[in-house]
Amino acid sequence: MKVTVDQDACAGSGQCVLIAPGTFDQRDEDGVVTLLHDSPRPGLQEDVREAARICPARAIRLTMP
């Protein structure tokens, strides 16, 4: 799985960080998502899928290599 984020689209809700803190973080100054790992290990992939699913701005994209 490959993860990308659209920081311009991010609404800063932080749901992704709550669900998958090993993959996502937020910038302190504005709450915009930052990507910690673009290829999460298999044990984290379900949480990353959930984070992408609930993102209100649809700022998280998942692709399969």
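Trainee: Which strand holds Thr34?
Mentor: The model is predicted, so local features are read with confidence limits in place. Residues 33-35 form one strand, and Thr34 has its place there. That strand is β3.

Trainee: What does Thr34 touch, leaving out residues up to four places away in sequence?
Mentor: A contact here needs heavy atoms within 4.5 Å. Part of the list is a run: Thr23, Phe24, Asp25, Gln26 and Arg27. The list also includes a residue from outside that run, Gln7.

Trainee: How many Å separate the C-alpha atoms of Thr34 and Arg58?
Mentor: Along the chain, Thr34 and Arg58 are 24 residues apart. In space, their C-alpha atoms are separated by 14 Å.

Trainee: Where does Arg58 lie, and what is its phi?
Mentor: Arg58 sits in the loop between α2 and β4, with β4 covering 60-63. Its phi is positive, in a residue other than glycine. The value is near 55°.

Trainee: Is Arg58 buried, partly exposed or exposed?
Mentor: Buried means under 20% relative accessible area, and exposed means over 50%. Arg58 has 48%, so it falls in between. Arg58 is partly exposed.

Trainee: How many helices and strands does the protein chain have, and in what pattern?
Mentor: The secondary structure comes to 2 helices and 4 strands. Read along the sequence, the pattern is β-α-β-β-α-β.

Trainee: How compact is the protein chain for its length?
Mentor: The globule rule gives 11 Å for 65 residues. The radius of gyration is close to that, so the chain is as compact as a globular protein of that length. The radius of gyration is 10 Å.

Trainee: What share of the contacts with a separation of 6 or more comes from residues 24 or more positions apart?
Mentor: The count takes in contacts in the protein chain with a separation of 6 or more. Residues 24 or more positions apart account for a share of 55%.

Trainee: Where is Thr23, and is it buried or exposed?
Mentor: Thr23 has its place in the loop between α1 (15-19) and β2 (24-26). Its relative accessible area is 1%, under the 20% cut-off. Thr23 is therefore buried.

Trainee: Which residues does Thr23 touch, not counting those up to four places away in sequence?
Mentor: Thr34 is one of them. Leu35, Leu36 and His37 are touched too. The list is completed by Pro40, Leu44 and Val48.

Trainee: Which helix holds Gln45, and is Gln45 buried or exposed?
Mentor: Gln45 lies in helix α2, residues 42-54. Its relative accessible area is 16%, which is under 20%. So Gln45 in α2 is buried.

Trainee: Which backbone oxygen does the side chain of Gln45 reach?
Mentor: Beyond its neighbours within four places in sequence, Gln45 is in contact with Met1 and Pro40. Its side chain reaches a backbone oxygen at 3.1 Å. That oxygen belongs to Pro40.

Trainee: Which residues does Ala51 touch, not counting those up to four places away in sequence?
Mentor: Ala51 has its place in helix α2. Its relative accessible area is 1%, so it is buried. It touches Cys16, Ile19, Phe24 and Ile60.

Trainee: Which side chain makes a polar contact with that of Asp38?
Mentor: Asp38 is found in the loop between β3 and α2. It is partly exposed, with a relative accessible area of 33%. Not counting residues up to four places away, it touches Met1, Lys2 and Val3. The side-chain polar contact spans 3.4 Å, and the partner is Ser39.

Trainee: Is Met64 buried or exposed?
Mentor: Met64 has its place in the segment after β4. Its contacts, not counting residues up to four places away in sequence, are Met1 and Arg49. Its relative accessibility is 52%, over the 50% cut-off. Met64 counts as exposed.

Trainee: How many Å apart are Met64 and Gln7, C-alpha to C-alpha?
Mentor: In sequence, Met64 and Gln7 are 57 residues apart. In space, the value is 21 Å.

Technical notes. Residues are numbered from 1 along each chain as its sequence is written. This is a predicted model: local features need pLDDT of at least 70, side-chain atom pairs count only at pLDDT 80 or more; totals for chains, interfaces and linings use all residues. Side-chain values use heavy atoms; hydrogens and water are left out. The radius of gyration is taken over C-alpha atoms; the globule rule is 2.2 Å times the number of residues to the power 0.38. Buried means under 20% relative accessible area, exposed over 50%, partly exposed in between (1.4 Å probe, protein chains only). A polar contact is a pair of N or O atoms within 3.5 Å; within protein, one must be able to donate a hydrogen and the other to accept it, and residues adjacent in sequence count only if both atoms are side-chain atoms.
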